[in-house]
Amino acid sequence: MVILGVDYGDVRTGLALCDRGEMLARPAGVICEPGLDKTVKEIVAFALDNGVERIVVGLPKNMDGSRGERAELCEKVARKIAGRLNATPIRVDLFDERQTTVSAIGILNEQNIRGKKRKETVDAVAATLILEAYLRRRKNEGEAER
């Protein structure tokens, strides 16, 4: 199944895709549209253009597991995406993404990626980390074969 990972941000939204066999996740770009509705429209267009069968939106819970304003905003994004896709079989899931941006920055530090290139890359890397964790959970729960 082709799955799209989304790391929603006010300025940049990172995207990642996995292969049909759900083995590899890779960065797929960054959306730099201002405004939630425009960003949702771009996410949906990207999903439809790339044969996506499921979308996973990162849910940034607080470290104690509670949901703050940012998590509520990401839930709203997921609902809007699902609303635009209601005539399709594409399912939209939320997935706990605590610390993915911090991890993405660490990866970019290890690769010595700095400046403008880093800014353009960090959100797509974070989306890839979200998607990789989601794929691991699916595999561990035996859902990947369904």
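## A walk through the fold

Start at the N terminus and read off the elements of the protein chain: β-β-β-α-β-α-β-α-α. That comes to 4 helices and 5 strands. Keep in mind as you go that this is a predicted model. Of the 146 residues in the chain, 45% are buried. Take the contacts whose separation is 6 or more, and 65% of them join residues 24 or more positions apart. As for the outside, the chain exposes about 8000 Å², with carbon and sulfur atoms supplying 49% of that area.

Now for the sheet. The 5 strands make an open sheet with mixed pairing, in the order β3-β2-β1-β4-β5. Which strands stand at the edges? They are β3 (25-31) and β5 (91-96); each has a single partner strand, so one side of each is left without a neighbour in the sheet. From one strand to the next, the twist averages 25°. Further in, β1 and β2 pair in the antiparallel sense, over 4 bridges. If you want a spot to look at in that pairing, find aspartate 7, which stands opposite glycine 14 in β2.

Next, the helices on the sheet. Helix α1 (residues 36-49) lies across β1, β2, β3 and β4 (54-59), and it runs at about 15° to β2. Helix α2 (residues 69-84) also packs on the sheet, where it touches β4 and β5, and its direction makes about 165° with that of β4.

Let's zoom in on α1 for a moment. Alanine 47 sits in this helix. Is alanine 47 buried or exposed? Its relative accessible area is 0%, and since buried means under 20%, alanine 47 is buried. Setting aside neighbours within four places in sequence, alanine 47 is in contact with Leu4, Val52 and Ile55. With leucine 4, the partners are 43 residues apart along the chain, yet their C-alpha atoms are separated by 7.0 Å.

Over to α2, starting with its length. The helix has 16 residues, so at 1.5 Å a residue it should span 22 Å; the end C-alpha atoms are 23 Å apart, which agrees. Which residues of α2 are buried? Ala71, Cys74, Glu75, Val77, Ala78 and Ile81 are. Because these residues cover an arc of only 155° around the axis, they fall on the same side of α2. The spacing fits a familiar rule: an α-helix has 3.6 residues a turn, so residues three or four places apart point the same way. What covers the buried residues of α2 includes α1, β4 and β5. Turn to the other side of the helix and you'll find Glu69 and Arg79 exposed.

Finally, have a look at tyrosine 8, in the loop between β1 (3-7) and β2 (13-18). Despite the loop address, tyrosine 8 counts as buried, because its relative accessibility is 7%. What does tyrosine 8 touch, not counting residues up to four places away in sequence? The list is Thr13, Leu36, Thr39, Arg70, Leu73, Cys74 and Val77. Two of those names, Cys74 and Val77, may ring a bell: they are among the buried residues of α2. Tyrosine 8 and alanine 126 are 118 residues apart in sequence, and from C-alpha to C-alpha they are 9.8 Å apart in space.

Conventions
Residues are numbered from 1 along each chain as its sequence is written. This is a predicted model: local features need pLDDT of at least 70, side-chain atom pairs count only at pLDDT 80 or more; totals for chains, interfaces and linings use all residues. Side-chain values use heavy atoms; hydrogens and water are left out. Helices (H or I, at least four residues) and strands (E, at least two) are DSSP runs, numbered from the N terminus. Buried means under 20% relative accessible area, exposed over 50%, partly exposed in between (1.4 Å probe, protein chains only). Contact means heavy atoms within 4.5 Å. Accessible areas come from the Shrake-Rupley method with a 1.4 Å probe; for residues, only the protein chains shown count as cover. Two strands pair if DSSP finds at least two bridges between them. Axes are lines fitted to C-alpha atoms, for helices over the stretch in contact, and angles run from 0 to 180 degrees between N-to-C directions. The expected span of a helix is 1.5 Å times one less than its number of residues. The arc is that of the directions from the helix axis to the C-beta atoms.
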